[in-house]
Amino acid sequence: MGLKEEFEEHAEKVNTLTKLPSNEDLLILYGLYKQAKFGNVDTSRPGMFSMKERAKWDAWKAVEGKSSEEAMNDYITKVKQLLEDAASSA
């Protein structure tokens, strides 16, 4: 299985988590996913009244410069960690 296929598989596995990850973990996943799929953020930062969108933009901006492959690997690692945490707390 190639990296892209493994990445897509783990993007699906996130949806099987029975417990919602923390906001911090969700933002990490969001930033890595966007970086893997689209590369560096290419929009301007949302205004201060759009707190949720601003947090998501910041999470993506935080991983700027990572290659698509690096972002995919980091995303897969994070999903595996969340799955292990969910299994150990069940």
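**Note on the predicted helical model**

1. Start with serine 67. Serine 67 sits in the loop between H3 and H4. The model is predicted. Serine 67 is partly exposed, because its relative accessible area of 28% falls between the 20% and 50% cut-offs. Its C-alpha atom lies 7.2 Å from that of alanine 36, although the two residues are 31 apart in sequence. Alanine 36 also appears in the nonpolar core, among the residues with the most contacts inside it.

2. The annotated span comes next. An unreviewed UniProt entry carries the annotation "domain: ACB" for residues 3–88. In the model, this span is 70% helix and 0% strand. Its end C-alpha atoms are 26 Å apart.

3. Now the pairing of H1 and H4. Two packed helices are described by the angle between their axes and the distance between the axes. Helix H1 covers residues 3–13, and helix H4 covers residues 68–89. Their axes come within 9 Å and cross at roughly 40°. The crossing is left-handed. On the H1 side, the contact uses Leu3, Lys4, Glu6, Phe7, His10, Ala11 and Lys13. On the H4 side, the partners are Glu69, Met72, Asn73, Tyr75, Ile76, Val79, Lys80 and Leu83. By class, this contact has 8 nonpolar, 5 charged and 2 polar residues.

4. Histidine 10 belongs to that contact. Is histidine 10, in helix H1, buried or exposed? Histidine 10 counts as buried, because its relative accessibility of 4% is under the 20% cut-off. Beyond its neighbours within four places in sequence, histidine 10 is in contact with Tyr75, Ile76, Val79 and Lys80. Those four residues are listed among the H4 residues that meet H1.

5. The core deserves a look. In soluble globular proteins, nonpolar side chains tend to be buried together. Here the largest nonpolar core has 17 residues. Those with the most contacts inside it are Phe7, Val14, Leu29, Leu32, Ala36, Tyr75 and Val79. H1, H2, helix H3 (51–62) and H4 each give two or more residues to this core. H4 supplies the largest share, 6 residues.

6. Leucine 29 shows part of this packing. Which residues does leucine 29 touch, leaving aside its neighbours within four places in sequence? They are Val14, Tyr75, Lys78, Val79 and Leu82. Val14, Tyr75 and Val79 are, with leucine 29 itself, among the residues with the most contacts inside the core.

7. Glutamine 35 is a buried residue in helix H2, which runs over residues 23–38. Its relative accessible area is 1%, so glutamine 35 falls under the 20% cut-off for buried. Not counting residues up to four places away in sequence, glutamine 35 touches Asn40, Val41, Trp60, Val63, Glu64, Gly65, Lys66, Ser68 and Ala71.

8. Lysine 56 is the last residue to check. Lysine 56 is in helix H3. At 21% relative accessibility, lysine 56 counts as partly exposed, because the cut-off for buried is under 20%. Lysine 56 touches Leu27 and Tyr30, not counting residues up to four places away in sequence. Its C-alpha atom is separated by 16 Å from that of alanine 71, 15 residues apart along the chain. Alanine 71 is one of the residues that glutamine 35 touches.

Technical notes. Residues are numbered from 1 along each chain as its sequence is written. This is a predicted model: local features need pLDDT of at least 70, side-chain atom pairs count only at pLDDT 80 or more; totals for chains, interfaces and linings use all residues. Side-chain values use heavy atoms; hydrogens and water are left out. Buried means under 20% relative accessible area, exposed over 50%, partly exposed in between (1.4 Å probe, protein chains only). Contact means heavy atoms within 4.5 Å. Axes are lines fitted to C-alpha atoms, for helices over the stretch in contact, and angles run from 0 to 180 degrees between N-to-C directions. A crossing is left-handed if the near helix is turned anticlockwise from the far one by less than a right angle, and right-handed if clockwise. Ala, Val, Leu, Ile, Met, Phe, Trp, Tyr, Cys and Pro count as nonpolar, Asp, Glu, Lys and Arg as charged, and the others, Gly among them, as polar. UniProt positions are given in the numbering used here, feature names are shortened, and annotations may be inferred rather than shown by experiment. A nonpolar core is a set of buried Ala, Val, Leu, Ile, Met, Phe, Trp, Tyr and Cys residues joined through side-chain atoms within 4.5 Å.
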